[in-house]
Structures are given as structure tokens and as C-alpha cells.
Amino acid sequence: MSLKLNNLDDSLVRSITNDLKSLHRLEEEPPSCSKEYLDEKQSLREALAAFAASHPQAERIVARLLLKHAGFSTSIMRESLSESNYRARNSKIWNDNMLVPALSPVRWLSDSSWSAMTRREKSEFMQCACRQPQSSDVLTPSVFVEASNAQHSDRIILGYGPRRVLIIVGVHGNEPCGVLAVRQILEKFCLFRGSAEATSKDFDRDECWDDSPLSHLFEHLTIEFVLGNPKAYYSSKRFMRKNLNRLLDPHLLCDEEKAVREGYEYELQRARILNESIRHSDFVLDVHSCSADTGSFALPSSMELSEDFAELLPVNYVVQSLAHMTIEGGTTLDAALLHNVPGICVECGKHDHPDVVARAAAVISSCLRLQLETVEVQEEHKDAHDGKVPPSPVVMKCVTSERVHEGFEWLQEFPEFHFVPFDAEIFQDKVRGKVCCPYEPGAYIVMPTAMPVLGEEALFWAVGVDI
């Protein structure tokens with residue numbers, strides 16, 4: 001058996017796919033594999049491997065062929081359970097010609113990001129992508145749900161619509177609300193109907209979930225759910241070596257030497273993958289939680305569409321401009337703005353608040369509903385809340401931030417979004433002494449840090465916006 005690049009037309013693709021599916025049917029039968037069957041499978045494997053090695057374009061074709069047409073759990077990419085008894089006698093079948101393409105096998109991951117992954121990571125990616133039969137770069141809900149427990153996959157892509165929506169969760173590993181919300185949405189396979197005041201009791205009530213399945217969105221949307229930092233999530237850490245949400249700066253993305261020197265190669269790889277997903281999206285939602293006991297609030301990117309969209313989400317507050325005012329930069333929304341993609345970050349409340357997962361599910365569900373361009377946005381927004389338009393969030397604009405210096409100390413405790421009058425004493429440190437509110441007639445304190453870190457943000461100042 002041999003394959004040539006100029007002969008790989010549709011008929012040959014169908015023929016190869018049929019051969020693979022035929023092998024798959026044999027694999028699902030009780031383990032009674034004949035020598036002829038193993039020889040046939042080995043011959044097909046060798047032919048594909050030789051073809052893939054013949055030309056970079058051929059590698060891409062084979063990888064896409066496997067992902068799109070041969071995506072079954074016992075594919076030629078990995079060991080079949082039904083053949084485990086034959087592994088010892090036929091070890092060369094498993095050890096030779098393992099197809100790990102040098103170029104990205106999917107359209108939403110760049111070749112440079114693919115190259116940054118290790119061989120093991122590439123193999124795991126291909127195995128997960130081949131877990132279920134699909135006709136496109138789409139995985140089934142069970143993959144992400146299983147991945148949340150089994151640590152196998154970092155994403156799921158659903159739908160085939162022209163508008164691509166990226167939902168990022170778990171950028172910080174100690175903020176699991178988004179992951180748990182996505183898991184529940186995928187398990188129920190429908191959207192949650194919740195407000196900014198959604199509770200865990202609402203989350204458990206069947207009547208608070210849509211009757212129509214999630215698939216009714218698929219004609220209009222392609223939805224990508226991504227777990228930002230899997231290792232940090234499984235370790236319940238904010239990050240492993242470096243804050244992932246500060247690494248999406250174009251200069252840092254290219255600085256391999258610094259990552260190796262400081263030991264954050266893994267987070268750099270994740271940043272590159274996120275950057276590619278953002279670049280290929282039409283809208284980005286990044287779901288977080290925070291250390292402060294507060295209601296949910298949205299931080300839109302500095303695009304008019306993002307700011308308008310944020311006011312339609314089930315949140316208590318919308319803070320404009322803050323998304324691009326972090327000291328280091330390099331956030332997911334900085335990347336979205338760079339690629340001219342509208343985006344919103346939502347902080348759903350305190351990490352361990354009993355209602356934080358319900359709030360995250362309400363935000364994700366509302367975001368997906370509002371993406372449907374074929375429906376009147378206000379009517380869709382109204383229908384999602386039992387015919388009533390929910391109260392609008394308080395909208396404010398971030399104007400500046402305060403940095404933590406040596407000797408930083410709060411002069412009193414301030415709750416999130418607390419309005420303080422002009423010249424009120426806020427904190428002190430060894431550099432500036434006592435620091436007071438600099439804005440007349442006053443300003444809101446946003447995201448006051450509960451754990452001051454030298455050089456990072458102590459708080460953000462925001463003023464009201466007339467709507």
C-alpha cells in the first residue's frame with residue numbers, strides 16, 4: 001500500500017476512511033484478532049506514516065484526516081483495548097510510526113504553538129481529539145466532562161456556525177467556578193436561566209434550565225470551551241510558576257529564553273495556545289472569581305461592542321477600562337484587543353462563595369444566548385428571564401490604579417465597590433505615607449487586594465458613568 005500527495009483526492013480519502021472504520025468495527029468485537037487483521041492494520045499504519053513523512057503538507061493532510069474522519073476511541077493513533085492481549089507479541093505495531101505531525105492538525109492552533117508543545121502533549125492532544133467520531137474539529141461534551149476529572153483534555157468545541165465564541169475558564173487554577181459551571185452546562189446540555197443574584201438552589205432546580213438543548217445554538221455558533229491552566233487547576237494553585245493572565249503580551253509570547261531561564265515554559269505554552277484561540281475567535285468571555293466577597297462584575301475590553309454587551313450580562317457592576325490597566329499587561333483581554341476581537345472578563349464573586357458557580361453558569365449561558373445575531377437582543381434578554389428585563393448593572397469607568405509599596409497597610413477595611421468621599425484616608429506605605437481618595441466628589445474602590453503583593457495592584461479607582 002502506498003499513498004501520494006497528488007492522489008489524495010476525495011475518493012481516496014473516503015476509501016481510507018472506510019478502511020479505518022472497518023478496522024474500528026473489528027476492534028469493537030470480542031478480542032479475536034487474526035494475524036491477517038493485524039497485518040492489514042499494520043500495513044495501513046505504515047502507509048499513512050510514510051505518506052506523512054513525505055511532505056509537510058502531507059503531514060497536515062494525514063493529521064486532519066485522522067481528526068475529522070477517523071475519530072474513534074480505538075483509532076490507529078493509539079492502543080486498542082480489544083488488542084491489549086496482542087501488545088506483547090506485536091510491540092512494533094505500537095512503537096513504530098506513531099503519527100505526531102510537525103504541523104498543527106487543527107485550524108484554531110497555529111504551527112508555532114503546536115511546535116511549543118512536547119511530544120507527549122501532542123500525543124495526548126491527538127488521543128483526546130480522536131476519542132469520538134466527528135465530521136469536523138468538534139468534540140463531544142463528555143470529553144470536557146471526563147477531562148475535568150481525568151486530566152486528559154483542555155477543551156471542547158461544539159457547533160458549526162459562522163460565529164466563533166471562546167469561553168475561557170480556569171486561567172487561574174484556584175478559581176474553579178467557570179470549570180464547574182461549564183461541566184454542568186455540558187452534562188445537562190442546555191443553558192442556565194439565572195440572574196446576577198442566582199443561587200446554588202436555583203442551579204439545582206430543573207425549571208431554571210432551558211427546555212431546548214444546547215444544540216439549537218450550533219447552526220449559528222461554534223463554541224469553544226478552554227481550560228486555561230490545567231496543571232494549576234488540578235493543583236488548586238493560582239499558577240504554577242508565572243501568572244498566565246500576564247503572559248499574553250506579544251513580547252513575552254516570543255521570549256522562549258526568559259521562560260526557560262525563569263522556569264515557566266509550561267505557562268508560556270498555555271499562553272500561546274490561548275492566544276491562538278483568541279485570535280481565531282469572534283468573541284471572548286473569560287470567567288474568573290476573586291478573593292473579595294462581592295457580587296459579580298464585568299470588565300469589558302475597550303471596544304464599544306464589548307462595553308455595550310457587558311451591560312446585558314447578569315452582573316451587578318460593569319467597570320469600563322480596567323481590563324487594560326493592570327501593571328504588567330498581557331491579559332486575555334489585552335490579547336483580544338490586539339487582535340480586534342470583542343471580549344469581556346467576568347469576576348463571579350468570592351472563590352468559595354456557595355453561589356459563585358451558579359453566577360458563572362448564568363453569565364456563560366447569557367453570553368451564548370446574546371450571541372445569536374438573528375434574534376432581537378433585547379427580546380432574547382427578556383425571554384431568558386421569564387419575560388422580565390433584569391435590573392441594569394451599575395456602570396463605572398476605571399481611571400487609575402494604586403500599587404503596593406513597601407510597608408503597605410489598609411487604614412480601614414473597604415468592601416468591594418465601596419464609594420469613598422474625596423480626601424478620605426485609604427491606606428499608607430513607606431513610600432507615599434498616607435494615601436487619600438484623589439477624586440471629587442469621590443470614587444469607587446474596585447478590587448481592593450486582600451493579600452498585598454509588592455509591586456502588584458492594591459486597588460483600582462473608578463468613577464460613575466452617566467448612561
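## Basis of the model

Two strands pair if DSSP finds at least two bridges between them. Strands (E, at least two residues) and helices (H or I, at least four) are DSSP runs, numbered from the N terminus.

This is a predicted model, in which local features need pLDDT of at least 70 and side-chain atom pairs count only at pLDDT 80 or more, while totals for chains, interfaces and linings use all residues. Residues are numbered from 1 along each chain as its sequence is written, and side-chain values use heavy atoms, with hydrogens and water left out.

## Overall content

The protein has 17 helices and 14 strands. Of its 467 residues, 54% count as buried, meaning under 20% relative accessible area (exposed is over 50%, partly exposed in between; 1.4 Å probe, protein chains only).

Contacts (heavy atoms within 4.5 Å) can also be sorted by separation in sequence. Among those in the protein between residues at least 6 apart, 69% join residues at least 24 apart.

## The two sheets

One open sheet is formed by 11 strands, with mixed pairing. The strand order is S1-S3-S2-S4-S7-S5-S6-S8-S14-S13-S10. S1 and S10 (418–421) are the edge strands, each pairing on one side only. From one strand to the next, the twist averages 30°. S2 and S3 run parallel and are joined by seven bridges; Val165, for example, has Ile223 in S3 as its bridge partner. Helix H13 (residues 265–279) lies across S1, S2, S3 and S4, and runs at about 165° to S3. Such angles run from 0 to 180 degrees between N-to-C directions, with axes fitted to C-alpha atoms, for helices over the stretch in contact.

Another open sheet has three strands in the order S9-S11-S12, and its pairing is antiparallel. Here the edge strands are S9 (409–410) and S12 (433–436), each pairing on one side only. S9 pairs with S11 (residues 425–429) over two bridges. The bridge partner of Glu409 in S11 is Gln428.

## The nonpolar cores

A nonpolar core is a set of buried Ala, Val, Leu, Ile, Met, Phe, Trp, Tyr and Cys residues joined through side-chain atoms within 4.5 Å. The largest has 52 residues, of which Ile167, Phe225 and Ile364 touch the most other members. Elements giving two or more residues to this core include strands S1 (155–159), S2 (163–169), S3 (221–227) and S4 (283–290), and helices H8 (177–188) and H16 (356–370). H16 gives the most, with 11 residues. Of the 15 residues of H16, 15 are buried.

Which residues is Ile167 in contact with, leaving aside its neighbours within four places in sequence? They are Ile223, Glu224, Phe225, Val226, Leu285, Ile364, Cys367 and Leu368. Apart from the largest core lies another of 19 residues, among them Leu166, Tyr264, Leu268 and Val284.

## Ser321 in its loop

Ser321 is placed in the loop between strand S6 (317–320) and helix H15 (332–338). Is Ser321 buried or exposed? Its relative accessible area is 12%, so Ser321 is buried.

Leaving aside neighbours within four places in sequence, Ser321 is in contact with Pro300, Ser302, Lys397 and Cys398. With Lys397 there is a polar contact between the two side chains, at 3.0 Å. A polar contact is a pair of N or O atoms within 3.5 Å; within protein, one must be able to donate a hydrogen and the other to accept it, and residues adjacent in sequence count only if both atoms are side-chain atoms.
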